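User: Hi! Could you walk me through a structure I've just pulled up? I have a few quick questions.

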Amino acid sequence: MKVLLVGSGGREHALALSLKASPSVSSLICAPGNPGIADVARLANVAADDLAGLVRLATQEAIDLVVVGPEVPLALGLADKLAEARIACFGPRQNAAILESSKAFTKEFCQRHNIPTASYATFTMAGPAKMHLANLSPPFVLKADGLAAGKGVVIAESRSEAEAALDEMFSGRFGTASARVVVEEFMAGEEVSVFALSDGRKAVFFGDAQDHKRVFDGDRGPNTGGMGAYSPAPVASADILNSVMDTIISPTVAGMAAEGRAFRGVLFAGIMLTDDGPKLVEFNARFGDPECQVLMARFRGDLALTLRACALGNIDAAPDFDFAPDPAVAVVMAAQGYPENPLTGSTIRGIAAAEEIDGLAVLHAGTKRDEDGTIRAAGGRVLTIVAMAPNLADAVHKAYRGVDSIMWPMGFCRRDIAWRALARG
């Protein structure tokens, strides 16, 4: 099978490794890719949001399956364009990707289909939104309706802070994504990420993880695209995961199909474990980053055939797969200044030394390689260090051994990844 992988981040590097290891894959191309992916796939200089270029590439290369990593091409309709060209695509069509591209749509959808989530109101102007705050108790949850690279959520501790954030959002802090803002009640509890594969009619559980959204240790600072993750999440018992599948995932797949929006791809549900049971925080229409990195480290099976079965609408035809019992931990190394103004161009050394650690992988994201082989920072989240071990404490220790092997003075990371699970014992 010839596979085209779309994207250039750490998530795509993890997917590339699993796709390359799939017995069914004879050829792997990645567009646009990164220096790490270049070691396992042929790179094509086509941007992830260049729909016409991607369709042309897939047609010229006689691609059997396109796997879409990031959310933007899905929101733009890449799966629809590939369907017109009769090319199988793992990733939902535009009218199903709206579960991620519009938080307002998802809240309304949940209301229509009795899917448990936080109460909410939607606004297009700051004035009415500020007035609505009087109906809520702090902290206040403010969400840009559209795509904002995982950074469009503000949790304000006071009303004055919330009002200032609303002014910023409606003034274009997140561009057109915050032209509409969802104001939600705050849900107390612990959040877990739950993944399911869907063929448009049926959903199959595909692992769980916990992410670390805040930029600094102790969950301080602004939200980011994710600073680290671990899988499985000890807080997510089998009963909890079954409840999430029964009350949130499966009703969503059925409801989307009933509304003519059949969802084919991976449905990523952010779940808050409240005193009243699991509730939906938000949906994503693709694998999370860095959650994908820990899921792929544990995945055992032929990923390409599994994803192609979903793309073709017959998940029952997928080969058997499972996840290794050993936990996996991912630590993101970011450039100084991230998430607001990351500094690029700095030199990174020691990657090879880190990769000599057994059970550890260094995944590239925002990197570039000079002609002499020097690796430099070229983005915000630059590397993901992924480690596996028989227990979580050892996996965490191994991941930070890898971090400490890398010489990058202009980079930083959180030093408390998996703290919730480690504190639980």
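User: Which residues does Ser 231 touch, leaving out those up to four places away in sequence?

Analyst: Happy to help! This is a predicted model. In it, Ser 231 touches Asp 208, Ala 209, Val 294, Leu 295, Arg 298, Pro 327 and Ala 328.

User: And is Ser 231 buried or exposed?

Analyst: Ser 231 counts as buried, because its relative accessibility is 0%, and the cut-off for buried is under 20%.

User: What lies 2.6 Å from a polar atom of the Ser 231 side chain?

Analyst: That would be the backbone oxygen of Asp 208. Asp 208 is also among the residues that Ser 231 touches.

User: Thanks. Which strand is Ser 231 found in?

Analyst: Ser 231 belongs to strand β14, which covers residues 228-231.

User: Switching topic: what is the strand order in the open sheet of five strands?

Analyst: The order is β3-β2-β1-β4-β5, and the pairing is parallel. At the edges sit β3 (42-43) and β5 (89-90), each pairing on one side only.

User: How many bridges link β2 and β3?

Analyst: Two bridges, with β2 (residues 27-32) and β3 running in the parallel sense. Across that pair, Ile 29 stands opposite Arg 42 in β3.

User: Which strands does helix α2 touch?

Analyst: Helix α2 (residues 51-60) packs on the sheet and touches β1, β2 and β4, with its direction at about 165 degrees to that of β1.

User: What about helix α1, which strands does it lie across?

Analyst: Helix α1 (residues 10-20) lies across β1 (2-7), β2 and β4 (65-68), and runs at about 170 degrees to β1.

Definitions and conventions: Residues are numbered from 1 along each chain as its sequence is written. This is a predicted model: local features need pLDDT of at least 70, side-chain atom pairs count only at pLDDT 80 or more; totals for chains, interfaces and linings use all residues. Side-chain values use heavy atoms; hydrogens and water are left out. Two strands pair if DSSP finds at least two bridges between them. Helices (H or I, at least four residues) and strands (E, at least two) are DSSP runs, numbered from the N terminus. Contact means heavy atoms within 4.5 Å. Axes are lines fitted to C-alpha atoms, for helices over the stretch in contact, and angles run from 0 to 180 degrees between N-to-C directions. Buried means under 20% relative accessible area, exposed over 50%, partly exposed in between (1.4 Å probe, protein chains only). A polar contact is a pair of N or O atoms within 3.5 Å; within protein, one must be able to donate a hydrogen and the other to accept it, and residues adjacent in sequence count only if both atoms are side-chain atoms.
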